Amino acid sequence: MLERLNTESLPRLPADVEKPAYDRGRLTPGIVHLGLGAFHRAHQALATDLAMAASQDLSWGILGVSLRSAATRDALTPQDGLYTLALRDSGPDGEPREQLRVVGAVQRVMVAEEDPNAVLERIAYPQTRIVSLTITEKGYCHEPATGHLRWDDPDILHDLDNPIRPRSAIGLLVYGLALRRERGLPPLTLLSCDNLQANGDTLRSLVLAFALRIDVALTSWIDKHCTFPNSMVDRIVPATRDDDRERIAQRLGVQDAWPVVAEPYLNWVIEDKFAAGRPAWEAAGATFVANAAPYERLKLRMVNGPHSALAYLGALLGIGTIHEAAALPPLRAFLDDMMRHEIAPTLKGIPDVGLEGYRHRFLARVANPALPHPTQQIAMDGSQKLPQRLLATIRERLRGGDDIRRLALAVAAWLHYLRGEDVAGRRYPIQDPLAGPVTKLLARADVAARAAAPNQAAHRRAMVLAGYRPVFGDLGKKPVFIAALAAQLETLREHGVLHALEAVAREPAPAMPAPDAVDAVAVAPLREPVSVGA
Ligand code: CS2
């Protein structure tokens, strides 16, 4: 049995393993983080570790909160919050390379479900100055197409009546802030680090909408004094595997129950509006800007959109990992074409970003064989991901009357994937909070297609599917989108993925009807700011 990674064994680790370059004994907690998954540990927690090492301002220790699962707490508590981050890529000879660092920024881990009140108390702790979140898209309990809070979400319903035992992140935040205000403590920053467009504005409107049902004065206190910076986060972090644990333990000479593996690339663009200070995250390469919207758009459309497309098309072909899918020439060519012809043109004018280089880098990142990333992992929760990853781009292309065939194929791949069966007939489970309604929708679309005249069947099917408002919103009323979706779905159904890829590569772009004025006006803004008065 190997000894465990912890404060005691830390000094004995091999010299080539980087360690926290500050005195952990002097750390004080400044950040409460909701959603202590692998992504946070490879991104913000690392950046905080580097910031504290560079500035020696040790007031930014992280109290990590898992909303439900006790697994991270159980792994990290015996390790005094320490864990290993392994950055992996391949050398010139194709051999995997790995750089290890023990991260020390996480001081303590809690499980909200076990003791929600302890989390509220921590949000209302005088030293807490930032509450940050990586709770994934579905953690926001919002409707993906509009960004509005889902009042019928069971956790939100529960939390409206349970101020002491909230379950949702939104409930924890609002009741925690209520305590803070009651105690006369200063406001703080709420920092969303999830892959949502306008993640800060979205969080703000959800928090204010919930608070308004509780207490008007609290709502205006939050609105006036707390800040919600938008931020773009980027690093590929697959789930840790058992072989990672074994390999890393061999190298460390001690056992780390939950190391994290990631690519070397890291990007973070944050709006510099912090109510009560922040760590010197620039030490980790973070950039501070006045407006993060263009960077969020760039990343969601040019990284996450193609990533999801690769996951669905790859999974349909029965391919297990992203790098294997990206190595398939027609898939790689499809991604490249989709990014170049259909996505990049919607992203003009972002300061300091060369789209050509950005595209090449993404293709290299997903080809990284040293970082096996399951297609099924990225495929999950598609209903929450598609709107900002693919559908926003489609809306913009439609406004210009531009070709959307490849984007439509990516969306069709998601819908086709939802049948739960790959090309070889192997079944896989659909992991998605809307799996129930979406499965019924697929069945309804089949019924509608069967009832239609044969030459209308594909169109009827696409109409029913695109009519699902929580995901497609107004797109279900766009004839050009429905036609494109119908064509791609039909090809996938009748001839399969490879044929569909070949067809979009071969055919010239169809002549698109000019966008009509009514259509352009009908596109509502995606987020409605909540106005709560002074
Ligand atoms: C991925 C992202 O799981 C997914 O949906 O597309 O987690 C992706 O790896 C990151 O956003 C990259 O920054």
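This is a short dialogue on reading a sheet and a helix crossing in a predicted model.

Student: Let's begin with the sheet. In what order do the three strands run?

Tutor: Strands count as paired if DSSP finds at least two bridges between them. Here the order is β4-β3-β9, in an open sheet with mixed pairing.

Student: Which strands stand at the edges?

Tutor: Those would be β4 (96-103) and β9 (260-262). Each has a single partner strand, so one side of each lacks a neighbour in the sheet.

Student: And how do β3 and β4 pair?

Tutor: Strand β3 (residues 83-90) runs antiparallel to β4, and the two share eight bridges. To pick out one bridge, find L87 and look across to Q99 in β4. On average, neighbouring strands in this sheet are turned by 25° against each other, ignoring direction.

Student: Which helices lie across these strands?

Tutor: Helix α2 (residues 44-55) lies across β3 and β4, at about 65° to β4. Helix α9 (residues 242-252) lies across β3, β4 and β9, and its angle to β4 is about 75°.

Student: Okay, now helix pairs. At what angle do α18 and α20 cross?

Tutor: Angles are taken between N-to-C directions, so they can go from 0 to 180 degrees. For α18 (residues 457-466) and α20 (residues 479-495), the axes cross at roughly 115° and come within 8 Å. The crossing is right-handed.

Student: Which residues make that contact?

Tutor: On α18, look for A458, H459, R461, A462, M463, L465 and A466. Facing them from α20 are F481, I482, L485, A486, L489, E490 and R493. By class, that's 10 nonpolar, one polar and three charged residues.

Terms used. Residues are numbered from 1 along each chain as its sequence is written. This is a predicted model: local features need pLDDT of at least 70, side-chain atom pairs count only at pLDDT 80 or more; totals for chains, interfaces and linings use all residues. Side-chain values use heavy atoms; hydrogens and water are left out. Helices (H or I, at least four residues) and strands (E, at least two) are DSSP runs, numbered from the N terminus. A crossing is left-handed if the near helix is turned anticlockwise from the far one by less than a right angle, and right-handed if clockwise. Contact means heavy atoms within 4.5 Å. Ala, Val, Leu, Ile, Met, Phe, Trp, Tyr, Cys and Pro count as nonpolar, Asp, Glu, Lys and Arg as charged, and the others, Gly among them, as polar.
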